[in-house]
Structures are given as C-alpha cells and as structure tokens.
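Below are some notes for a reader who has not yet looked at this structure. They are best followed with the model open alongside.

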Amino acid sequence: EALPEGPPTQPEMPEPEPEAPPKPKFGAKTSKIAAMVPENATWTLMLANSRIKKLAFRDEATEIMAPLRDYQLLVDEAGFDVWEDFEFIVMGSPDFTDPTQAFVAVQYKFGHAEMKAGIDRACKREQMVVDWREENGATIGDPRMLDPEQDEFDNRQFVLLPGDSVALYVREEFIPQIVEGPKGGKGKTSGNFVANIAKMRKFTQAEPKAGVQLVLADLRSMIKLPKGSAFDVPDRIELMWEAAKTPELVVKIDFAAEEHAIKAEAFWNDELEQTLRDAGAWLSVGGI
C-alpha cells in the first residue's frame, strides 16, 4: 500500500494524571475532642486504646490517666483490661483539682450487660451499691454508700447510652439533658455533646493517627502568676501523641500576645530545667 502523503502523524499523548494533594502533616489539624465533653470543661483527654494497644509506648500513655480516681474505678476495680476491652476513653472536667467534677466516657465492644456488671463490682469494692433504672432507652445507675450515715461526696451517675457500646460517668445535673437527647441546631449543648459521644469512633477520625490527645483551655482565667514572672499564662495548650512505632509528639501553645509566646520559648529553652531543679521537681516532671 502506498504510504500516506505528508509528515508522519504523532500519536496523541495522554493528559498527565493530576498530582495527589499532599497528605496533611500529623498534628496540623486542631483537636476536636472538646466537643465530646460538657462545654464548661477546661481540660479534655482522649485515649485511642484500639490504635496504640500494640505499640511499645502504650503503658506510658496510660500513665497520664492512671492516677485519676475514675480510671481506677472504671478500669482497675471494675476488672477490665484497658487495652483489650476499651476502644476509646474520653475524660474532661471544669476543675482538675476536684475529681467529682470530671466527666468520663468509654466505648467498648462487649455490650452493656458486662459493663453494668463491672460497675457493680467496682462500686462494691468502694463500699457502694448502684441503683439502676431505665429512662428513654438509657440505663442509669445511681451509686450510693452502703453505710447511710456516710456522707455522699460525689453526685455523679453512670449512663449506658441507647445502643450497646458507650457508657458515661457524669454529674447528676446533666442527666435530664442526656436522657432528652440532642436538640436542633449546632450549638454545643449538653444534648449535642452526647450526640458526639455516641459517634465517638467517627468523631475521633478528625485526627485518625492520634493515639492520645489532651486539650487545656481557658487557662488565663484559672491561673494567676505573680508579677515579674518569666512569661504570661497561655490561653490554650493542645497535645497530640501519634499512634506509630516511632511516634511524633505535637504540642501547640496559644498565647494572648506574640511577646508572651517569645518569652515562653526563651524560658523553655534557657531556664525551665534549672527552675524545676531549684524547686526539687525535676525528677517528677522533667521527663514530661
């Protein structure tokens, strides 16, 4: 066959594939865990047990929670294995110095019947008994001292949410809103924080690599430093601990003014260690 006249035609080149957007760096997003606790909380802590249970640093992660009475009650005294039995633990409180103000939520796979039995075991060891009742699909447990003459110092109650996987330990005044459920709108009401708790697994995907998250907020209203202090109190502190064999630790500290941040950085780099040593506190908090 005769060759075609004119220059040879070039085959059409395919359009290059668009480059995939870079993956966000770990810790670049702001933590969302404060939306899972009552709005008056000044500290919030989330432990993603299912993400870090096979990692070498898992025991160090639980040391953040282990001294808290609620952790001892719901894990140690209830007879649960924090790694095998719980997927997520969320804690929050408006006052870190008062354990009776704390809010606790746990998510698990074993069902409410076993959780209820564990709560009964733990309370029995604390010389308490739990009165259980049903309200609007939720199972509510009100613990009281076995000795009627012993003062009740903690008014919190247990709530097993409708479904079979989330339990709360929360102050009595929140019970009506929790039983009523979320209201319309997107405000951070008690009902809406419960809606977020009920979707805990999905909600924590905002930072899917985080094994531990800690948020301290509204610090300037709580802490007053004396005049002449090395720096001013930050307004917010956020910590994220990556769930990885070689984890990255991201700490974000927000100050009211740039000069406060500059002074704090200088104090951290040049004076913090000696200040803690002079106060005799280096051995206890230097590792942090």
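1. Please keep in mind that this is a predicted model. I begin with a run of paired strands. Strand β8, residues 210-217, and β9 pair in the antiparallel sense, and seven bridges link them. One facing pair is Val212 and, in β9, Trp241.

2. On to the next partner of β9. Strand β10 covers residues 249-254 and runs antiparallel to β9, with six bridges joining the two. Here Arg236 stands opposite Asp254 in β10. The connection from β9 to β10 is a hairpin through six residues.

3. How enclosed is strand β9 by the rest of the structure? Strand β9 spans residues 236-242, and six of these seven residues are buried, so the strand is largely enclosed by the rest of the structure. As a general point, side chains in a regular strand alternate between the two faces of the sheet.

4. A second place to look is Leu160, which lies in strand β6, residues 157-160. Is Leu160 buried or exposed? Its relative accessible area is 2%, and because buried means under 20%, Leu160 counts as buried.

5. Which residues does Leu160 touch, leaving aside those up to four places away in sequence? The contacts are Tyr108, His112, Met115, Lys116, Ile119, Trp132, Ala138, Thr139, Val166 and Ala167.

6. Last, a separation to check on screen. Leu160 and Ala210 are 50 residues apart in sequence, and their C-alpha atoms are 26 Å apart in space.

Conventions:
Residues numbered from 1 in each chain as written. Predicted model: local features only at pLDDT ≥ 70, side-chain atom pairs only at ≥ 80, totals over all residues. Heavy atoms only, no water. Helix = DSSP H or I, 4+ residues; strand = E, 2+ residues; numbered from the N terminus. Buried < 20%, exposed > 50% of the residue type's maximum accessible area, 1.4 Å probe, protein only. Contact = heavy atoms within 4.5 Å. Pairing = 2+ DSSP bridges.
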